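Welcome, and please open the model in your viewer. We will walk through it one selection at a time.

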Amino acid sequence: MVARQVFYEGRVQGVGFRWTVKNLARGFDVVGWVQNLPDGRVELQVGGESEEVEAFLAEIDESDLKAHIKKSEARPIPPLVGVKGFDISA
């Protein structure tokens, strides 16, 4: 199991970014959450088998969201323990 934290910058708030990411997650065996940050970025934390996590992140990058993403920064984080499903966080 692996986990990644990704920060997305650009026009990523107010465009359905979190909703689209949550819907994309349904096609993958991943857990985690996505949330807006006060500074205008979106934070994503996702965990699962390496292949699923990487495929999910690639799907985000190749989706219609790419038009809104100016920059993304990903880093490994400890596995997400006790997290079930994939949700939009407040």
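A residue is called buried here when its relative accessible area is under 20%, and exposed when that area is over 50%. Keep in mind throughout that this is a predicted model.

**Stop 1: helix 1**

Select residues 17–25, which make up helix 1. Which residues of helix 1 are buried? Colour Phe17, Val21, Leu24 and Ala25, and you have the buried ones. These residues span an arc of only 100 degrees around the axis, so they sit on the same side of helix 1. Now show what surrounds that buried set: the residues pack against strand 1, strand 2, strand 3, helix 2, strand 4 and strand 5.

Zoom in on alanine 25, a member of helix 1. Its relative accessibility is 5%, so alanine 25 counts as buried. If you set aside the neighbours within four places in sequence, alanine 25 is in contact with Val30, Phe56 and Phe86. You can also draw a line from the C-alpha of alanine 25 to the C-alpha of glutamate 59: the two are 9.2 Å apart in space, though 34 residues apart in sequence.

**Stop 2: helix 2**

Next, select residues 50–62, which form helix 2. Try a small check on its length. With 13 residues at 1.5 Å a residue, helix 2 should span 18 Å, and its end C-alpha atoms are indeed 18 Å apart, so the two values agree.

Colour Val53, Phe56, Leu57 and Ile60, the buried residues of helix 2. Their arc around the axis is only 95 degrees, which means that they lie on the same side of helix 2. Turn the view to the face directed away from that buried side, and you will find the exposed residues Glu51 and Glu62. What do the buried residues of helix 2 pack against? Their partners are strand 1, helix 1, strand 2, strand 3, strand 4 and strand 5.

**Stop 3: the aromatic rings**

How many aromatic pairs does the structure hold? There are three. To look at a pair, use two values: the distance of the ring centres and the angle of the planes.

Begin with phenylalanine 28 and phenylalanine 56, a tilted pair with 5.7 Å centre to centre and 55 degrees between the planes. Phenylalanine 28 lies in the loop between helix 1 and strand 2, while phenylalanine 56 belongs to helix 2, so this pair ties together parts 28 residues apart in sequence. Both phenylalanine 28 and phenylalanine 56 are buried.

Keep phenylalanine 56 selected and add phenylalanine 86. Their pair is edge-to-face, at 5.6 Å centre to centre and 75 degrees between the planes. Because phenylalanine 56 is in helix 2 and phenylalanine 86 in strand 5 (residues 86–88), the pair joins parts that are 30 residues apart in sequence. Phenylalanine 56 has a relative accessible area of 0%, and phenylalanine 86, at 9%, counts as buried. Show Phe28, Phe56 and Phe86 at once to see one aromatic cluster.

**Stop 4: the strands**

Switch to a cartoon view and select strand 1 (residues 2–10) with strand 3 (residues 42–48); they pair in the antiparallel sense over seven bridges. Look for glutamine 5, which stands opposite glutamine 45 in strand 3. Then add strand 4 (residues 69–77), which pairs with strand 1 in the antiparallel sense over eight bridges. Here glycine 10 stands opposite isoleucine 69.

For a last look, show the side chains of arginine 41 and phenylalanine 7: arginine 41 lies over the face of the phenylalanine 7 ring, at 4.4 Å from the ring centre.

Key:
Residues are numbered from 1 along each chain as its sequence is written. This is a predicted model: local features need pLDDT of at least 70, side-chain atom pairs count only at pLDDT 80 or more; totals for chains, interfaces and linings use all residues. Side-chain values use heavy atoms; hydrogens and water are left out. Two strands pair if DSSP finds at least two bridges between them. Helices (H or I, at least four residues) and strands (E, at least two) are DSSP runs, numbered from the N terminus. Rings of Phe, Tyr and Trp (its six-membered ring) pair if their centres lie within 6.5 Å; planes under 30 degrees apart count as stacked, over 60 as edge-to-face and the rest as tilted. Buried means under 20% relative accessible area, exposed over 50%, partly exposed in between (1.4 Å probe, protein chains only). A charge sits over a ring if NZ of Lys or CZ of Arg is within 6 Å of the ring centre and within 35 degrees of the ring normal. The expected span of a helix is 1.5 Å times one less than its number of residues. The arc is that of the directions from the helix axis to the C-beta atoms. Contact means heavy atoms within 4.5 Å.
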